[in-house]
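Visitor: I'm new to this one and would like a close look at a single part. Could you walk me through the core and what sits around it?

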Amino acid sequence: MSAKIYRPAKTAMQSGKAKTHVWILEFDQAIPRKIDPMMGYTTSADTRQQLKLMFETQEQAEAYAQREGIDYRVIAPKEAKRQVVSYTDNFKYSRLQPWTH
């Protein structure tokens, strides 16, 4: 049984950073999914892939995985690169390109 530990990125629908400060331990798929012939639903007998355990820190998630004997891998979060832009920069004297309407 293996799992991945990661910190979720913010969704495209949110502008803030809510729900992005927790670390999640999510189990990998152990048994392949099957298509139910009668209804066409995708089914699986593996119930662990439905679990998502949330932790406050990465160390807590790693300690839990080690204590329970779970092979895990940590996916490091990628921080967003913010570029500071000011409206007044459009009218600077030292602007490289001329200002146009």
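**The nonpolar core and its surroundings**

Guide: Let's start inside: A3, I5, W23, L25, F27, F55, A61, A65 and I70 make up the largest nonpolar core, nine residues in total. A nonpolar core here is a set of buried Ala, Val, Leu, Ile, Met, Phe, Trp, Tyr and Cys residues joined through side-chain atoms within 4.5 Å. Two or more of its residues come from each of β1 (2-6), β2 (23-27) and α1 (58-68), and β2 gives the most, with three. Those elements are DSSP runs numbered from the N terminus: helices are H or I with at least four residues, strands are E with at least two.

Before going on, a word on the source: this is a predicted model, where local features need pLDDT of at least 70 and side-chain atom pairs count only at pLDDT 80 or more, while totals for chains, interfaces and linings use all residues. Residues are numbered from 1 along each chain as its sequence is written, and side-chain values use heavy atoms, leaving out hydrogens and water.

Now pick out F55, one of the core residues. F55 counts as buried because its relative accessibility is 15% (buried is under 20% relative accessible area, exposed over 50%, partly exposed in between, with a 1.4 Å probe and protein chains only). F55 also forms a tilted aromatic pair with Y64, at 5.6 Å centre to centre and 40° between the planes. For such pairs, ring centres of Phe, Tyr and Trp (its six-membered ring) lie within 6.5 Å; planes under 30 degrees apart are stacked, over 60 edge-to-face, and the rest tilted.

Another core member, F27, has R48 lying over its face, 5.5 Å from the ring centre. K4 does something similar with Y6: its charged end sits over that ring, 5.3 Å from the centre. The rule is that NZ of Lys or CZ of Arg is within 6 Å of the ring centre and within 35 degrees of the ring normal.

K4 has a second partner, too. It forms a salt bridge with E26, with the closest N and O atoms 3.8 Å apart (a side-chain nitrogen of Lys or Arg within 4 Å of a carboxyl oxygen of Asp or Glu). That pair links strand β1, home of K4, to strand β2, home of E26, across 22 residues. E26 is buried, at 16% relative accessible area, whereas K4 is partly exposed at 22%. K52 joins in as well, since K4, E26 and K52 are linked in a network of salt bridges.
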